[in-house]
Amino acid sequence: MPDSKNYSLLQHILFPPVVLGKLRLLQALHQKTILITGASYGIGECLAYALAAPDIHLILVARTAEKLSLIKQELKAGGCRVTIYPTDLSKPEQVDQLIEKLLQLPNGIDIVINNAGKSIRRSINDSLDRYHDFTRSMAINYFGPVKLLLALIPVLKGKQGHIINVSAINVLLAPAPLWSAYQSSKTAFDQWFRCVTPELNAAGVTTTSVYLPLVKTRMIVPTAHYDNMPAMSPEHVAHIICNCLIHKKKRYAPWWLIFGQLGSVIFGRLWASVNTHHLRRGQKQ
Ligand SMILES: NC(=O)c1ccc[n+]([C@@H]2O[C@H](COP(=O)([O-])OP(=O)(O)OC[C@H]3O[C@@H](n4cnc5c(N)ncnc54)[C@H](OP(=O)(O)O)[C@@H]3O)[C@@H](O)[C@H]2O)c1
């Protein structure tokens, strides 16, 4: 995966670097237990490497046990304490088993990074016999994290902890065709998280919503037209999340998102008409 050092000029402008003080990070996370979901690949994997330090306990969750073991081996060699819990977060019974183990941790959990996710890009016409696309998107992007957090909120309150939600800029922009399953499930969780944020903050739990643009991970590989679009590197995203942890930021979004949001309000109907026109032409060909 490309590091930000390999960015084009456009990528540098769109995704300016974050200055990450490693010492400040170590001080902020001293003796913390950090749960990362979706830690086997992409952003979650890069984050595990960025956070690893001798006095930090990382708890890594994802389905691919072999990959988690590999990451654990490498991080342990650097002195970090790592526990892996291979879990399919879209299966409620597996989430229950995970919760049982997490609640037994003697030092509890200080930080939860809700990152695991799955995207599906499919037209509604190709989805007519695929109700399961919608249930599985909701299972991993909405119900799984809600179930997990309902169990962990009391622990996080006790530790005055921090929850970071890895969201997408699209949930704040005009809707895009072909993305109904993914975007509705990401939006559902984003709304849930923003609804509970004041209650969590009032109880001393810090919350951060991270709104990401395109990120160069395996998630975007199946979408060919993303190949030439500017994307962030997952290492860069890991730095952004570390920065949010140090400064207890409430929100991260790229600087230009506000223009996209204004454009969505002002030109939302035009955007929908352009999409309709484009899709109609595609159907005729
Ligand atoms: N890439 C982008 O352009 C982009 C943009 C905006 C937001 N995001 C968000 O960023 C987050 C991370 O995505 P990524 O780009 O790093 O994608 P990725 O490389 O595909 O990583 C996704 C992670 O989620 C885990 N995961 C998927 N389904 C799971 C399940 N049922 N149970 C447990 N873990 C599961 C995967 O591990 P296993 O396969 O081993 O389970 C993997 O570790 C997602 O929430 C995504 O929505 C990504």
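# Ligand shell, empty spaces and sheet

The shell around the ligand divides by class into 16 nonpolar, 10 polar and 4 charged residues. The structure described here is a predicted model.

## The ligand and its surroundings

In total, 30 residues surround the ligand. The closest of these are Arg63, Thr64, Asn115, Tyr182 and Thr217. Three side chains place a polar atom at a short listed distance from an oxygen atom of the ligand, as the table gives.

| Residue | Distance from its polar side-chain atom to a ligand oxygen atom |
|---|---|
| Thr217 | 2.6 Å |
| Ser40 | 2.8 Å |
| Arg218 | 2.9 Å |

On its own, the ligand has 880 Å² of accessible area, and the protein covers 96% of that area. Three elements give two or more residues to the shell around the ligand: helix H3 (42-51), strand S5 (162-168) and helix H7 (180-202). Strand S5 gives the most, with 3 residues. Thr217 thus appears twice in this account, as one of the closest residues to the ligand and as a residue with a side-chain N or O atom 2.6 Å from a ligand oxygen atom.

## Cavities

How many cavities of 30 Å³ or more does a search of the whole structure find? The search finds 3. The largest cavity holds about 50 Å³ of space. Its lining consists of Asn114, Ala116, Asn141, Pro145, Asn165, Val166, Ser167, Lys186, Phe189 and Asp190. By class, these lining residues are 4 nonpolar, 4 polar and 2 charged. Helix H6 (131-158), S5 and H7 each supply at least two residues of this lining. S5 and H7 are also among the elements that give two or more residues to the shell around the ligand.

## The second largest pocket

The second largest pocket contains about 230 Å³ of space. Its lining is made up of Arg122, Ser123, Ile124, Asn125, Pro177, Leu178, Ser180, Leu279 and Gln283. Sorted by class, the lining of this pocket has 4 nonpolar, 4 polar and 1 charged residues.

## The sheet

Which strands form the open sheet, and in what order? The sheet has 7 strands, with parallel pairing, in the order S3-S2-S1-S4-S5-S6-S7. Strand S3 (81-86) and strand S7 (251-252) are the edge strands, each pairing on one side only. In this order, S5 stands between S4 and S6.

Strand S4 (residues 111-114) pairs with S5 in the parallel sense, over 4 bridges. One bridge joins Val112 to its partner in S5, Ile163. S5 therefore links several parts of this description: S5 is a strand of the sheet, supplies at least two residues to the lining of the largest cavity, and gives the most residues to the shell around the ligand.

Conventions: Residues numbered from 1 in each chain as written. Predicted model: local features only at pLDDT ≥ 70, side-chain atom pairs only at ≥ 80, totals over all residues. Heavy atoms only, no water. 1 Å grid on protein atoms, 1.4 Å probe; cavity = no way out; pocket = protein on both sides within 12 Å on 5 of 7 lines; lining within 4 Å. Points joined across faces, edges and corners; volume = space filled by probe spheres on them. Nonpolar A, V, L, I, M, F, W, Y, C, P; charged D, E, K, R; others polar. Near = heavy atom within 4 Å. Polar contact = N/O pair within 3.5 Å; in protein donor to acceptor, adjacent residues only side chain to side chain. Areas by Shrake-Rupley, 256 points an atom, 1.4 Å probe, with all protein chains shown as cover. Pairing = 2+ DSSP bridges.
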